[in-house]
Amino acid sequence: MLVNHQQYRTIWPNFEYAQACVEIIDQTKLPHVFEVAKVATLAQMIVAIKTMQVRGAPLIGAAAAYGIALSALDSCSDLHLQQSAEQLIASRPTAVNLKWAVQRMLSALLRLPDTQRQSAAWSEAAQICDEDVRLNQAIGAHGLTLIQAQHQQKARTINILTHCNAGWLATVDFGTALAPIYAAHNAGIDVHVWVGETRPRNQGASLTAWELGQHGVPHTVVSDNAGGHLMQQGQVDMVIVGADRVTATGDVCNKIGTYLKALAAFDSVALGHHVPFYAAVPSPTIDWTIEDGVKSIEIEERGAEELSWMSGKLADGTIAAVNILPHGTRVANPAFDVTPARLVTGIITEQGVFSPQQLSAMQR
């Protein structure tokens, strides 16, 4: 995708240094500073994942794959690689892509002689990244048909509400929830995106708005609690979000606040303007081992500082963090919630658009 009219991915290997490394777009610096960070060790990759320098389920998986490749620079023994895998999997618990990518890397490497593992690790990680791009492009094509249908029916600007960031910054490239929007914009369809700010880390306001602006897609940032009002007023035609994990039965685990958007969309039927609710995910985000997302998905509890402190640009251009809570206030910070399948209109995947009840067809 585009940054100042130049194409970028979110993560890539660099073999120009004395020792191979990985470079990433540091998402903690956006939207005010675009900075590429060098990740040279497994420990640095784990920090990048934990601190959300890289974030979004597909990108976390890609980063973890490269984490194994970095680990192999130190040792290619079974024990070392398995220990590295355990550390990576423990870095963030909710997104299933992380564990999927690590297990795929181990499966590819442990069957090889030690002498072949280092080069194979870089090759396998690159394949995971390239596959993510292809999956996301296919998601964009299938989601485009949904937007086209709305546009043909209504013959006006199609307003799409999204939550958090499931654009190209959350993947290796193209994005999941934003992939259909980019495809529609590129096809000349008049689309407008309502961007929920997504407290507490403001991934919508900071990241989604930034990348939509880079690509020239019309958008408006709204407070998280404005989504229901916009739907009530008939100003939303569809909701498209990403997910960190989708169950075999179609429950959608995504950034905290998604459930409330789904409830408002579901209630819109009673108001006479049905707002469909879609989750756009590549197949590695589907956890076929889980059926009840509310009971079975581990919800990451993040640090209190994410709620108590906000970062932004001061009038003089300085980037600063400010405390917004009274001293001594207790904070709870669950990072995700689960939207039950009954509220989900469809899951947009690289294989097509499936209702939650049809999702099992993907396994066949």
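Strands here are DSSP runs of E of at least two residues, numbered from the N terminus. The model is predicted.

**Stop 1: Asn254**

Select Asn254, which lies in strand β11, residues 252-255. Its relative accessibility is 5%, so Asn254 counts as buried. Now add Asp337 to the selection. Asn254 and Asp337 are 83 residues apart in sequence, yet their C-alpha atoms are 5.9 Å apart in space. Leaving aside residues up to four places away in sequence, Asn254 touches His163, Val241, Gly242, Ala243, Asp244, Ala335, Phe336 and Asp337.

**Stop 2: helix α4**

Select residues 96-109, which form helix α4. The helix has 14 residues, and at 1.5 Å a residue these should span 20 Å; the C-alpha atoms at its ends are 20 Å apart, which agrees.

How many of the 14 residues of α4 are buried? Ten are, so the helix is mostly covered. To show them, pick Val96, Asn97, Leu98, Ala101, Val102, Arg104, Met105, Leu106, Ala108 and Leu109. What do these buried residues pack against? Their partners are helices α1 (42-50), α2 (57-71), α3 (78-91) and α5 (114-154), together with strands β10 (245-247) and β13 (286-287). Two of these partners, α3 and α5, are visited next.

**Stop 3: α4 with α3**

Keep α4 selected and add α3. The two axes come within 9 Å and cross at roughly 170 degrees. An angle over 145 degrees counts as roughly antiparallel, and α3 and α4 are therefore roughly antiparallel to each other. On the α3 side, select Leu81, Gln82, Ala85, Leu88, Ile89 and Ser91; on the α4 side, select Leu98, Lys99, Val102, Leu106 and Leu109, which they meet. By class, the residues of this contact are eight nonpolar, two polar and one charged.

**Stop 4: α4 with α5**

Hide α3 and show α5. Here the packing angle is about 140 degrees and the axes are 10 Å apart. That makes α4 oblique to α5. The crossing of this pair is right-handed. From α4 the contact uses Trp100, Ala101, Arg104, Met105, Ala108 and Leu109, and from α5 it uses Arg117, Ala120, Ala121, Glu124, Ala125, Gln127, Ile128 and Glu131. Coloured by class, the contact residues divide into nine nonpolar, one polar and four charged.

**Stop 5: α5 with α6**

Move along α5 and add helix α6, residues 179-186. The axes of α5 and α6 come within 7 Å and cross at roughly 65 degrees. Are the two helices parallel or perpendicular? They are roughly perpendicular to each other, and their crossing is right-handed. Asn136, Ile139, Gly140, Gly143, Leu144 and Ile147 of α5 make the contact with Ala179, Pro180, Ile181, Ala183 and Ala184 of α6. This contact has eight nonpolar residues, three polar and no charged.

Stay on α5 and select Thr145, which is found in this helix. With 44% relative accessibility, Thr145 counts as partly exposed. A distance drawn from its C-alpha atom to that of Glu23, 122 residues apart along the chain, comes to 35 Å.

**Stop 6: backbone in the loops**

Most residues other than glycine have a negative phi, and most peptide bonds are trans. The four sites below are listed with that in mind.

- Met52: select the loop between α1 and α2, where this residue is placed. Its phi is near 70 degrees, a positive value in a residue other than glycine. Met52 is buried, with a relative accessible area of 2%.
- Ala155: go to the loop between α5 and β6 (158-162). Phi of Ala155 is positive too, near 50 degrees. Ala155 is exposed, at a relative accessible area of 64%.
- Leu30 and Pro31: these residues are joined by a cis peptide bond, with omega about 10 degrees. Pro31 lies in the loop between β4 (21-25) and β5 (36-39).
- Arg199 and Pro200: the peptide bond from Arg199 to Pro200 is cis, and its omega is near 10 degrees. Look for Pro200 in the loop between β7 (191-196) and α7 (203-215).

Note on methods
Residues are numbered from 1 along each chain as its sequence is written. This is a predicted model: local features need pLDDT of at least 70, side-chain atom pairs count only at pLDDT 80 or more; totals for chains, interfaces and linings use all residues. Side-chain values use heavy atoms; hydrogens and water are left out. Helices (H or I, at least four residues) and strands (E, at least two) are DSSP runs, numbered from the N terminus. The expected span of a helix is 1.5 Å times one less than its number of residues. Buried means under 20% relative accessible area, exposed over 50%, partly exposed in between (1.4 Å probe, protein chains only). Contact means heavy atoms within 4.5 Å. Axes are lines fitted to C-alpha atoms, for helices over the stretch in contact, and angles run from 0 to 180 degrees between N-to-C directions. Angles under 35 degrees count as roughly parallel, over 145 as roughly antiparallel, 65 to 115 as roughly perpendicular and the rest as oblique. A crossing is left-handed if the near helix is turned anticlockwise from the far one by less than a right angle, and right-handed if clockwise. Ala, Val, Leu, Ile, Met, Phe, Trp, Tyr, Cys and Pro count as nonpolar, Asp, Glu, Lys and Arg as charged, and the others, Gly among them, as polar.
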